[in-house]
Amino acid sequence: MKKRDLTIALVAHDNMKRDLAEWVDANHEVLLRYHLVCTGTTGRMVARTLVERHGDAAIAAENVTLLRSGPLGGDQQLGSMIAEGKIYALVFFWDPMQAQPHDVDVKALLRIATLYNVPTAVNRSTADFLISSPLLGSDYQPTVRDYTSYVERNLK
């Protein structure tokens, strides 16, 4: 699989968007080797950061897919993409100091990413480790537990 065929998801809570924008700017060369999918407001910010860095709106248009805003279903759309095996890695700068009106969606997204063993960074340090890993973009396939026995369990 070519790197460009792999998708990295980027999400940030409102108080963390500036941090994510700085991180995207610092790592734009690596990130542009992948397709990026983002929840709504975060995606517009990521696209704007890439356009400012490159001066070319086409860069963002061809590299960034926008989902709905997180509270309006974007977290759930992203969770669905993870369950379908469409997300290679997740970078989610979440705000540990502020409750979110859609906390249940956030928890569900992080749960599904963990369930499907998607490499997940939740702050700048883990994002730096993830983006600099020699495994990023390799043919590495995370081990996903076989849930067949769960699906086929007797529900009597």
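**View A. Lysine K17 is a buried partner in a salt bridge.** K17 has a relative accessible area of 12% and is therefore buried, where buried means under 20% relative accessible area, exposed over 50% and partly exposed in between, computed with a 1.4 Å probe on protein chains only. The model is predicted, and accordingly local features need a pLDDT of at least 70 and side-chain atom pairs count only at pLDDT 80 or more, whereas totals for chains, interfaces and linings use all residues. Residues are numbered from 1 along each chain as its sequence is written, and side-chain values use heavy atoms, with hydrogens and water left out. The side chain of K17 meets that of D14 in a salt bridge, at 3.8 Å from N to O; the term requires a side-chain nitrogen of Lys or Arg within 4 Å of a carboxyl oxygen of Asp or Glu. In contrast to K17, D14 counts as exposed because its relative accessibility is 61%.

**View B. Two further salt bridges involve R53 with D25 and E84 with K86.** By the rule given for View A, the count comes to four salt bridges. In the pair formed by R53 and D25, the closest N and O atoms are 3.0 Å apart. This pair links distant parts of the chain, with R53 in helix α3 and D25 in helix α1, 28 residues apart; helices (H or I, at least four residues) and strands (E, at least two residues) are DSSP runs, numbered from the N terminus. R53 is partly exposed at a relative accessible area of 42%, and D25 is likewise partly exposed, at 28%. The side chains of E84 and K86 meet at 3.0 Å, N to O, and K86 counts as partly exposed at 48% relative accessibility. Side chains of opposite charge can pair when their charged atoms come close.

**View C. D105 in helix α6 is buried yet has no salt bridge.** The helix that holds D105 spans residues 103–115. The nearest side chain of opposite charge is that of R68, 12 Å away, with Lys and Arg counted as positive, Asp and Glu as negative, and His and the chain ends not counted. The side chain of D105 instead makes a polar contact with the side chain of Q76, at 3.1 Å. A polar contact is a pair of N or O atoms within 3.5 Å; within protein, one atom must be able to donate a hydrogen and the other to accept it, and residues adjacent in sequence count only if both atoms are side-chain atoms. Leaving aside residues up to four places away in sequence, D105 touches G70, D75 and Q76, contact being defined as heavy atoms within 4.5 Å.

**View D. Five strands form an open, parallel sheet.** The order of the strands is β3-β2-β1-β4-β5. β3 (64–66) and β5 stand at the edges, each with a single partner strand, so one side of each is left without a neighbour in the sheet. Two strands pair if DSSP finds at least two bridges between them. β2 and β3 pair over three bridges, and C38 stands opposite L66 in β3. β1 and β4 pair over five bridges, with V11 opposite F92 in β4, while β4 and β5 (residues 120–121) pair over two bridges, with V91 opposite A121 in β5.

**View E. Strand β4 is mostly covered, and V91 is among the residues with the most contacts inside the largest nonpolar core.** Five of the five residues of β4 are buried: A89, V91 and F93 point one way from the strand, and L90 and F92 point the other way. In a regular strand the side chains alternate between the two faces of the sheet. A nonpolar core is a set of buried Ala, Val, Leu, Ile, Met, Phe, Trp, Tyr and Cys residues joined through side-chain atoms within 4.5 Å. The largest such core has 28 residues, and those with the most contacts inside it are I8, L10, L20, W23, V46 and V91. Two or more residues each come from β1 (7–12), α1 (17–26), β2 (35–38), α3 (40–54), β4 (89–93) and α7 (124–132), and α1 gives the most, with four residues. Apart from this core lies another, of 15 residues, among them A9, L78, F92 and V118.
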